[in-house]
Amino acid sequence: DHSQLRWLGPEKGVVHMAVAAIFNCLWDLIAKKNKKPLWQFVVESEPETILSWLTFKYIEDVLNPDQALQILKQSQSEKKNRIEKIANKIINNTKKNDVLTILGLSFKPNTDDIREAPSLYLIDALLKHGVEISVFDPEAIENVKEIYGDKISYVTDQYDALTDADFLLVVTEWGAFRNPDFDRVKSLLKEPVIFDGRNIYSVDQLSELGFYYNSIGRRVVGA
């Protein structure tokens, strides 16, 4: 009675689960063939490629392929621009071999899912700039290790991640990151510099504590 499939009826419910099992098998096969998780394969694909996998036969009255392509391209462009702005902010304030700590790797809190996670784009951009990166996330560390291996450093505690780092970048708004011991943060960082990609801290508070604090769409303090 509590099944989410009860509205399908028993016969259709069984079919539904069988189809889901088939898709799971296909997911694994595609992942093995491309030697990467399926989500990464999809994320790296062009919008035109993604649309070629879909059919609009039953929904063309509300969404046709051209409209879907426009939506995908616009979304992709907007996200890329936001992430590039954050990366450029950091690159303009760093030099080769600086150590940057990233807090938060998953695309949202309370998950290990890193599909479309801004952290991946930022890591790629910063590695190209020669920045050394140390990362911490409560759940997504192992998924990120599969992608970057030993190209970046991994720690198991948010404060350990700050030790001897030149900068701190907050990418995912995990609850554990919202109210840190700022005195401890300041003592661990080489310089009291925080880039906040989620606006989870108070500009006034960080200013009073003597941090350089650069967030999104708000005034920069400590400059």
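A residue counts as buried under 20% relative accessible area, as exposed over 50%, and as partly exposed in between. R198, at 31% relative accessibility, is therefore partly exposed. The model described here is a predicted one, and these terms are used throughout the walk that follows.

The sheet is a convenient place to start. Strands of a sheet pair through backbone hydrogen bonds, either parallel or antiparallel. In this structure, six strands make up an open sheet, and their pairing is parallel. Read across the sheet, the order is β3-β2-β1-β4-β5-β6. β3 (153-154) and β6 are the edge strands, each pairing on one side only. Between β5 and β6, the parallel pairing runs over three bridges. Here V193 stands opposite Y212, a residue of β6.

Strand β1 holds T101. Is T101 buried or exposed? Its relative accessibility is 0%, so T101 counts as buried. Leaving aside residues up to four places away in sequence, T101 touches S134, A161, L162, A165, F167, L168 and L169.

Next come the nonpolar cores. The largest nonpolar core has 27 residues, and those touching the most other members are L100, I102, L105, I123, I133, V135 and L169. Which elements each supply at least two residues of this core? They are the helices α4 (65-91), α5 (118-128) and α6 (141-148), together with the strands β1 (99-103), β2 (132-136), β4 (167-170) and β5 (193-196). A second core, separate from this one, has 23 residues, among them A161, F182, V203 and V221. V135, a member of the largest core, can serve as an example of the contacts. With residues up to four places away in sequence not counted, V135 touches I102, L105, I123, I141, I152, S153, Y154 and V155.

Aromatic rings are the next topic. A pair of aromatic rings is described by the distance of the centres and the angle of the planes. The structure holds six aromatic pairs. One of them is formed by F167 and F195, with 6.0 Å from centre to centre and 50° between the planes, which makes the pair tilted. F167 belongs to strand β4 and F195 to strand β5; the two are 28 residues apart, and the pair links distant parts of the chain. F167 and F195 are both buried. Another pair, F182 with F211, is edge-to-face, at 5.9 Å centre to centre and 70° between the planes. This pair also links distant parts of the chain, with F182 in helix α8 (residues 182-188) and F211 in the loop between α9 and β6, 29 residues apart. F182 and F211 are buried. F182 and F211 also belong to one aromatic cluster with Y201 and Y213.

Charged side chains remain. Side chains of opposite charge can pair when their charged atoms come close. How many salt bridges does the structure hold? There are three salt bridges. One joins E142 and K145, whose closest N and O atoms are 3.6 Å apart. Both E142 and K145 are in helix α6, three residues apart, about one turn of the helix. With a relative accessible area of 35%, K145 is partly exposed. The charged end of K145 also sits over the ring of Y154, 5.4 Å from its centre.

E173 and R198 form another salt bridge, with 3.2 Å between the closest N and O atoms. E173 is in the loop between β4 and α7 (175-178), and R198 is in the loop between β5 and α9 (203-208), so the pair ties together parts that are 25 residues apart in sequence. E173 has a relative accessibility of 22% and so counts as partly exposed.

The side chains of D204 and R219 also meet in a salt bridge, at 2.7 Å from N to O. Because D204 lies in helix α9 and R219 in the segment after β6 (212-214), this pair ties together parts that are 15 residues apart in sequence. D204 has a relative accessible area of 42% and is partly exposed.

A further contact between a charge and a ring involves R184. Its charged end sits over the ring of Y159, 4.0 Å from the centre of that ring.

Technical notes: Residues numbered from 1 in each chain as written. Predicted model: local features only at pLDDT ≥ 70, side-chain atom pairs only at ≥ 80, totals over all residues. Heavy atoms only, no water. Core = buried A, V, L, I, M, F, W, Y, C linked by side-chain atoms within 4.5 Å. Buried < 20%, exposed > 50% of the residue type's maximum accessible area, 1.4 Å probe, protein only. Helix = DSSP H or I, 4+ residues; strand = E, 2+ residues; numbered from the N terminus. Contact = heavy atoms within 4.5 Å. Salt bridge = Lys/Arg side-chain N within 4 Å of Asp/Glu carboxyl O. Phe/Tyr/Trp six-rings, centres within 6.5 Å; stacked < 30°, edge-to-face > 60°. Lys NZ or Arg CZ within 6 Å of the ring centre and 35° of its normal. Pairing = 2+ DSSP bridges.
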